[in-house]
Structures are given as structure tokens and as C-alpha cells.
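Here are my notes on the structure you sent over, set out as numbered points. Please keep the model open while you read, and follow along residue by residue.

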Amino acid sequence: MTIFGGALIYLGLIGAAAGVASLLKPVRFLGIRTRTKGLLVLGLGLLAATAGVYLPVTETRLETLRTRLDEFAPIFQFSEFHSIPVSASKDRVYSAIRTVTPEEILFFKTLTWMRRFGKRSPAGILNAPEHRPILETFTAGAFLLLAEDPGREIVLGRAGNPRGGRPLPAEEFKAPHQAEFVKIVMNFRIQDVDATHCSLTTETRVYAAGPQVLRGFAAYWRMIYPGSALIRRMWLRAIKRRAEAASDANPGTQLSLSSRLRP
């Protein structure tokens, strides 16, 4: 539904733009030969974009909690999941998750800027110091470190009323909320294949409360999903490259993420 809704929105907006242009001068190479047809294309484009926004949103509720991510986001309406195989030990992969920087991720800042429609990221990612690990930037900004199981899983999140107000503290992420708010939780999880091979996954889940907030976020999510998915895939590839290139690390000398990411 996310991809279909996003396609409707984008096609509708493109059609509406072509219709507006044809009201001034018919765009003949698109088959719009009169202003009347341009008006029709404009109407159909707006109708398609509206349909993309108002497609139904389904809610997922997990009955069995298997991961730390499940603990903080057992109910959600929007999600994306990506995975990649890595030829490295889980400790090397975990270290790479903690230390990878934006410069290692292809088009990271460009895609992030586009996803936010040119606005500055509340987490400060666009203005982060060069070569600073992404997770440090996240936790120094709007995201909180919710859980850390070294060598297995890291969970980050942010939540609050999108219309303003204080962000939700970590201890309240698991509590039910009735007021309007948006909760975003993401993780990186490592699963052993053998001593030198792992499967690395990342998943993002979003829960939006309140009819207007839900509808607004649905439109936003459907529009930014292609860029968001590409960022996640490039992020995993950067972690894979760093982990596979790194020399064996001594787990006993590694600092925990919580201590390293303390602002």
C-alpha cells in the first residue's frame, strides 16, 4: 500500500503540474492539445494525488515479542525492513554499526535533505561534524538510545506531538498514549550465520496517533519512502564494507554504545 500510494501521489502531482502548464500553453508532446484537456488532466491529477493520500492505513499488532525493537514498537502502521549478508564476525559488524560515518554512505546527505524537502534535520544530521559516527549524531539530537545488546541489537527512537511540545522520554516509549503523537523506532540487528558470517538487518516502525496526524504522516511516508529505503540500503552497505575491511577487534577493549554516544 505504501508503494502504491506513493506512486499515486507522485503521478497525480506530475499530472496536475502538466495540467497547470497546459492552461497557459497546451503541452502537445504529452497529448494535451487544448486548454480544456489541460483542465481535465489537472482535475485527474489532483484526484489521483488525493486518492494516494487517503488510501486506507492498516495497523499491525505483535502478539509475541522476539526482539528489543518489538518491546518498544509492538504496534505500528508504517514500517520498512532491509537486510544484507556480511562476511565478518558479529563483533566486527557491531563495531561498524557504531562507527560508520555519513561520508561512507553514498548520497546520504543529499537524500536526507531531499527527504525533508530541504529543511534542516532536527537530529542535526545535515550539519553534523565530518567523520562523526552517525549514531553519535542521532543520539546527540532528536533520537534516544532505547536499548543496546552488544553484538546483537541497537534500538533508537524519537516520539512526541508533531504539533509541538516536549519529546517523549525513553521510559515512556512503552506506555500507551491517547493524545496526538508520532513514535518512530528503528534498530540494527545482527544474527549469526557462523563464526565469520552474519546477517545484518535494519527495521523502522512508526506509530501515529490521532486521525489528522495519521493521515498527514501517511501522505508524508508514502512520498519519502523511496528515498528512505535507499538511505537504509546504502547505510547497510557502508556497515558491510567497514566490517569486512576491519581487522579483528578485541571485544574486551570496545566501549559500549551507551557510553560512547553520551552527549
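1. Let's begin with Ala51, which belongs to helix H2. Is this residue buried, exposed or partly exposed? Its relative accessibility is 33%, and because the partly exposed class runs between 20% and 50%, Ala51 counts as partly exposed. Do keep in mind that this is a predicted model. Ala51 also has a partner to look for far back in the sequence: Gly5 is 46 residues away along the chain, yet the two C-alpha atoms are separated by 7.7 Å.

2. Now for H2 as a whole. This helix has 19 residues and reaches 27 Å from its first C-alpha to its last, close to the 27 Å expected at 1.5 Å a residue. Its buried residues are Gly38, Leu42, Gly45, Ala49 and Gly52. They cover an arc of only 95° around the axis, so they sit on the same side of H2. On the face turned away from that buried side you will find Thr36, Leu40, Leu44 and Leu47, which are exposed.

3. What do the buried residues of H2 pack against? The answer is H1 and H7. The arrangement can also be read from H1, where the cover over the buried residues includes helix H2 (35-53) and helix H7 (211-245).

4. Helix H1 spans residues 2-24, which makes 23 residues. From first C-alpha to last it reaches 34 Å, close to the 33 Å expected at 1.5 Å a residue. Its buried residues are Gly5, Gly6, Ile9, Gly12, Gly15, Ala16, Ala18, Gly19 and Ser22. You will recognise Gly5 in that list as the residue set against Ala51 in the first point.

5. Next, the sheet. Five strands form an open sheet in the order S3-S7-S6-S5-S4, with antiparallel pairing. Strand S3 (78-86) and strand S4 (144-149) stand at the edges with a single partner strand each, so one side of each has no neighbour in the sheet. Neighbouring strands here are turned by 10° against each other on average, direction ignored.

6. At the S4 end, S4 pairs with strand S5 (residues 153-160) in the antiparallel sense over five bridges. If you want one pair to find on screen, try Ala147, whose bridge partner in S5 is Val155.

7. Two helices lie across strands of this sheet. Helix H4 (residues 90-99) lies across S3, S4, S5, strand S6 (181-194) and strand S7 (197-209), and runs at about 150° to S6. H7 lies across S3, S6 and S7, running at about 10° to S3. H7 is also one of the helices that the buried residues of H2 pack against.

8. For a single residue within the sheet, have a look at Thr201 in strand S7. With a relative accessibility of 7%, Thr201 counts as buried. Leaving aside residues up to four places away in sequence, Thr201 touches Phe81, His82, Ser83, Asn187, Phe188 and Arg189.

9. Finally, the overall picture. The protein has eight helices and seven strands, and buried residues make up 44% of its 263 residues. Among contacts with a separation of 6 or more, 68% come from residues 24 or more positions apart. The protein exposes about 13,900 Å², and carbon and sulfur atoms supply 59% of that.

Technical notes. Residues are numbered from 1 along each chain as its sequence is written. This is a predicted model: local features need pLDDT of at least 70, side-chain atom pairs count only at pLDDT 80 or more; totals for chains, interfaces and linings use all residues. Side-chain values use heavy atoms; hydrogens and water are left out. Helices (H or I, at least four residues) and strands (E, at least two) are DSSP runs, numbered from the N terminus. The expected span of a helix is 1.5 Å times one less than its number of residues. Buried means under 20% relative accessible area, exposed over 50%, partly exposed in between (1.4 Å probe, protein chains only). Contact means heavy atoms within 4.5 Å. Accessible areas come from the Shrake-Rupley method with a 1.4 Å probe; for residues, only the protein chains shown count as cover. Two strands pair if DSSP finds at least two bridges between them. Axes are lines fitted to C-alpha atoms, for helices over the stretch in contact, and angles run from 0 to 180 degrees between N-to-C directions. The arc is that of the directions from the helix axis to the C-beta atoms.
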